[in-house]
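Me: Please take a close look at a single part of this structure, and explain how its residues are arranged with respect to what surrounds them.

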Amino acid sequence: MNKIIEMKNVSYRYPVSDDWNIKNVSFTIEKGKFTAIIGNNGSGKTTLCNIIRGFIPHFYKGNLEGDVIVDNKRIVEYQLGQLGEKIGYVFQNPFIQVSGVKDTVFDEVAYGLENLGVEVNEIIERVNEILKLIKIEHLREKHPMELSGGQRQRVALASIIVMNPDILVIDEPTSQLDPIGTEHVFNIIRLMKDKGKTIILVEHKMDLIAEYADNLIVLHEGEIALQGSTRAVFADSRFGEYNIQYPHVTEVALNLKKNGVALKYVPIRNEELPES
Ligand code: ADP
C-alpha cells in the first residue's frame with residue numbers, strides 16, 4: 001500500500017481545554033483514496049483536519065502527542081510552506097476563503113501562485129486551465145463579492161487546486177450550498193480523485209459519502225469509533241449507536257428489515273443489487 005498520511009496514537013488538547021479533544025487516533029490513508037470523516041458536532045472532525053494539514057501544531061499550539069506522518073516525513077519536520085504545497089485546505093465557509101481583496105475571479109485564483117513568485121505566463125496558463133476544468137470560465141471577470149455561495153465555493157476550490165497539491169483536505173464544503181451547488185462541488189472532487197489526488201472530506205450528507213467515498217472514519221467524542229471501507233462501516237451493526245444518519249437507501253432497507261422483510265443484503269448507495 002502506498003501510504004500518504006499516517007497517524008499513530010495521536011492525541012491533542014487545545015490550550016484552554018481540560019480534556020483531550022482528540023484521543024489516541026491511529027489510521028493510514030492510501031495515496032489516491034477518498035476518505036470521509038464523519039461524526040456528530042464537537043466529535044473532533046475539524047480539529048483532526050487541522051492536525052492533518054499541520055495547522056496544529058505549526059500555527060496553533062496545545063498538547064499534541066503521537067506521530068503525524070505525511071509522505072513518509074513527520075509533519076513537525078516540514079517547513080510550513082512545504083506543507084502548504086503538499087496539502088490544500090478548503091474551508092467550510094467560502095466567504096472566508098474567497099477574500100474579495102482581489103477585483104476579479106481570475107486574480108483571486110491567481111493570488112496563491114503570485115505569492116509563490118510563479119512566472120506570469122505560467123500563472124495565466126495555470127489559472128485558465130483550472131477555470132476551464134472547474135467550468136467557471138464565465139465568472140473570470142466577475143468581482144468575487146458578486147458571486148453566489150455555490151459559485152464562491154467553486155472559486156475557493158479553484159484557488160486551492162491551481163496550486164496542484166497532492167492532498168486536498170475539504171471541511172464541509174457543501175453546508176451552505178443548494179443541491180445544484182453541492183453537485184458542482186462533488187463533481188470537482190471526483191475530477192480531482194480521477195487525477196490521482198488524495199481526498200479527505202468532512203461532510204454530513206451521507207448519500208454523497210456513500211456514492212463517492214472509498215473509506216470512512218467515524219469520530220465520536222474525539223476517538224475513532226469505526227473505520228474502514230465505506231460499505232463495511234455503514235454495514236457495521238455498531239454504526240447505529242452513534243446517532244449519525246444513514247444513507248437514505250440504507251435507512252429504507254434497515255426499516256424494511258426491522259419490519260420483517262427478509263433482506264440478505266443492505267445497500268448503501270443506489271446500485272444494482274446482487275442476486276440474492
Ligand atoms: P467538529 O468539527 O466535529 O464539530 P471540532 O473539532 O470543532 O469538532 O471540536 C472538537 C472539540 O474541540 C469540541 O469539544 C470543541 O469544543 C473543542 N474545540 C474546537 N476548537 C477549539 C478551540 N479553538 N479552542 C478550544 N476548544 C476547541
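Reply: What follows is a close look at one helix, with a shorter remark on some strands at the end. The model is a predicted one, and the part chosen here is helix 8, which covers residues 179-194. At 1.5 Å a residue, the 16 residues of helix 8 should span 22 Å, and this agrees with the separation of the end C-alpha atoms, which are 22 Å apart. The buried residues of this helix, each under 20% relative accessible area, are G181, T182, V185, F186, I188, I189 and M192. Seen down the axis of helix 8, these buried residues fall within an arc of 155°, so they line one face of the helix. As a general matter, an α-helix has 3.6 residues a turn, so residues three or four places apart point the same way.

The face of helix 8 turned away from that buried side carries the exposed residues P179, I180 and D194. Among the elements that cover the buried residues of helix 8 are three strands, namely strand 3 (34-38), strand 7 (167-171) and strand 8 (198-202), together with helix 6 (120-133), helix 7 (149-161) and helix 9 (206-212). Just after helix 8, G196 takes a positive phi of about 90°.

A positive phi also belongs to D71, near 50°, in the hairpin of strand 4 and strand 5, where two residues lie between the strands. Strand 4 and strand 5 run antiparallel and are joined by two bridges, with V70 standing opposite K73. Strand 4 (residues 63-70) also pairs with strand 1 (residues 3-13), in the antiparallel sense and over seven bridges, and there M7 stands opposite V68.

Terms used: Residues numbered from 1 in each chain as written. Predicted model: local features only at pLDDT ≥ 70, side-chain atom pairs only at ≥ 80, totals over all residues. Heavy atoms only, no water. Pairing = 2+ DSSP bridges. Helix = DSSP H or I, 4+ residues; strand = E, 2+ residues; numbered from the N terminus. Expected span 1.5 Å × (residues − 1). Buried < 20%, exposed > 50% of the residue type's maximum accessible area, 1.4 Å probe, protein only. Arc of directions from axis to C-beta. Contact = heavy atoms within 4.5 Å.
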